[in-house]
Amino acid sequence: MAVREIPDATRGGAIISADRPALMVFVADEASEGAIRGGIGDVLGAQMRRGTVRTAVKALEKESTPRVLIVDISGVDDPFAALDALASVCTPDVRVLVVGERTEIGFYRDITRNVGVHEYLHKPLTRDNVARLFAPHIQGGGEAGQDRGGQVTVVCGVRGGVGATTIAVNLALELEEATRSHVALLDLHLRGGAAAMMLGARVTSGLRIAIEEPERVDALFLDRVGVPIGDRVRLIAAEEPMEAQIKPTEEGVRRVVDMLRQRFNHVVVDLPMPPGPSEVAVLQKARHVVLVLGPDVASIRDTVALKKLVALTGGSGRVITVLNGVGRRGYLPVKLVEEGIGAAPDVTIGDLSRQLPRAANLGRPARQDCAPLRRALGQLTQEIAAVRSGGAGASFFARLLGKGGG
């Protein structure tokens with residue numbers, strides 16, 4: 001940290017210890033603490049404490065400086081003065097990562113370039129942003145890499161009929177509204193896919209040609225195949241006959257996803273399960289993998305299996321579990337589902353068995369008339385794009401951190 005040069009590491013109260021902690025975290029709220037825990041994983045010797053940068057200053061006057069320090073500047077009137085005070089009680093080799101409420105790009109540049117902070121994240125924190133931008137510093141890997149393509153979010157049902165396509169379609173629309181960015185919705189269910197039906201859209205066979213014969217995909221592919229859904233959303237889908245013998249190629253699917261990432265900030269993929277080689281190629285590019293399950297024993301079994309499969313693909317996508325249909329008569333309570341999958345679902349949606357079919361039959365997005373679904377989508381949007389759904393749209397700074405995929 002370079003707020004102030006400290007030639008003597010013991011000066012100003014800084015304490016050096018051979019068994020110094022690997023990581024100390026001082027954050028003011030439970031949600032941020034949860035995002036940091038989820039984003040950094042298990043770090044031996046990590047210490048989590050509630051408080052701000054001022055709490056850290058008082059603690060480190062008496063304790064050893066950690067190798068990496070995360071501090072919260074939320075609510076601090078003069079964060080630069082507070083960070084200067086922190087420098088006086090830390091050894092010079094500490095890596096300081098900061099979280100706060102401010103979202104202006106000028107503030108980000110000032111705090112990371114002129115103050116010596118290694119990285120800054122604004123709230124609300126997400127596990128994904130923590131993993132991408134904080135974890136490399138904690139793991140000793142230097143600066144996080146930058147990926148300029150749009151980010152890929154895969155949505156898949158752990159089994160048929162759990163509502164994955166409904167989630168994918170409405171999530172794409174929610175992302176567009178919340179982030180004011182361009183979103184592609186790619187439905188890879190080439191036979192029997194429902195995304196186009198839910199949106200009242202007509203599609204062509206162009207997607208099938210693209211994934212079977214990638215050499216025929218050119219720069220005009222999106223203009224010919226993509227169906228506009230509003231100002232910033234495009235649907236890429238097909239409705240092939242049931243008797244069609246479709247032979248997707250891994251290269252074709254990769255190329256389609258890569259082209260979409262060049263044109264769109266977010267690519268939402270409705271992915272068939274179980275995955276073949278082409279579906280695995282998409283999972284490897286995903287930043288988020290949304291597993292949709294129902295409150296039943298078969299869904300629990302398949303969720304556990306799919307979590308393992310996602311890990312085995314070698315991709316870096318973070319799994320988000322969505323429990324759909326909570327409270328449906330004859331199904332399992334949430335507590336039993338939690339025990340079965342080994343954790344609480346990240347998002348729960350109540351029984352909407354009346355509202356959702358009606359919206360699908362009308363070709364009208366369910367989020368427009370279904371407040372419970374809209375609230376659940378807001379939670380997903382916050383995790384995926386680091387913006388609060390229903391607000392005034394993402395700042396430039398939020399979009400900057402939310403971009404990138406793979």
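How many bridges join E1 to E2, and in which sense do the two strands run? I looked this up at the start, keeping in mind that the model is predicted. I found five bridges between E1 and E2, and the strands run parallel. As one example I picked methionine 24, whose bridge partner in E2 is glutamine 47.

Entry on the sheet. I then traced the sheet that holds these strands. I noted an open sheet of five strands in the order E2-E1-E3-E4-E5, paired in parallel. E2 and strand E5 (119-122) stand at the edges with a single partner strand each, so one side of each has no neighbour in the sheet. I also noted the turn between neighbouring strands of this sheet, which is 15° on average, direction ignored. I reminded myself that strands of a sheet pair through backbone hydrogen bonds.

Entry on helix H2. I looked up which residues of H2 (residues 53-60) are buried, and listed Val53, Ala56, Val57, Ala59 and Leu60. Next I asked what covers these buried residues of H2. My list includes strands E1 (23-27), E2 (46-50) and E3 (68-72), together with helix H3 (79-87).

Entry on helices H4 and H5. I followed H4 (residues 105-114) and saw that H4 lies across strand E4 (95-100) and E5, at about 150° to E5. Helix H5 (residues 127-138) lies across E1, E3, E4 and E5, and its angle to E5 is about 155°.

Entry on aspartate 128. I placed this residue in helix H5. Is aspartate 128 buried or exposed? The cut-off for buried is under 20% relative accessible area. Aspartate 128 has 3% relative accessibility, so I wrote it down as buried. Leaving out residues up to four places away in sequence, I found that aspartate 128 touches Arg287, His288, Arg318 and Glu383.

Entry on strand E7. I checked E7 (residues 183-187) and counted five of its five residues as buried. In a regular strand, side chains alternate between the two faces of the sheet. I therefore sorted the residues of E7 by side: Val183, Leu185 and Asp187 are on one, Ala184 and Leu186 on the other, and both faces are covered.

Which strands does E7 pair with? I found four bridges to strand E9 (residues 233-236), in the parallel sense. One of the partners I noted is arginine 234 in E9, opposite alanine 184. I found five bridges from E7 to strand E10 (residues 266-270), and these two strands also run parallel. There, leucine 186 has valine 269 of E10 as its bridge partner.

Methods: Residues numbered from 1 in each chain as written. Predicted model: local features only at pLDDT ≥ 70, side-chain atom pairs only at ≥ 80, totals over all residues. Heavy atoms only, no water. Buried < 20%, exposed > 50% of the residue type's maximum accessible area, 1.4 Å probe, protein only. Contact = heavy atoms within 4.5 Å. Pairing = 2+ DSSP bridges. Axes fitted to C-alpha atoms, helices over the stretch in contact; angles between N-to-C directions.
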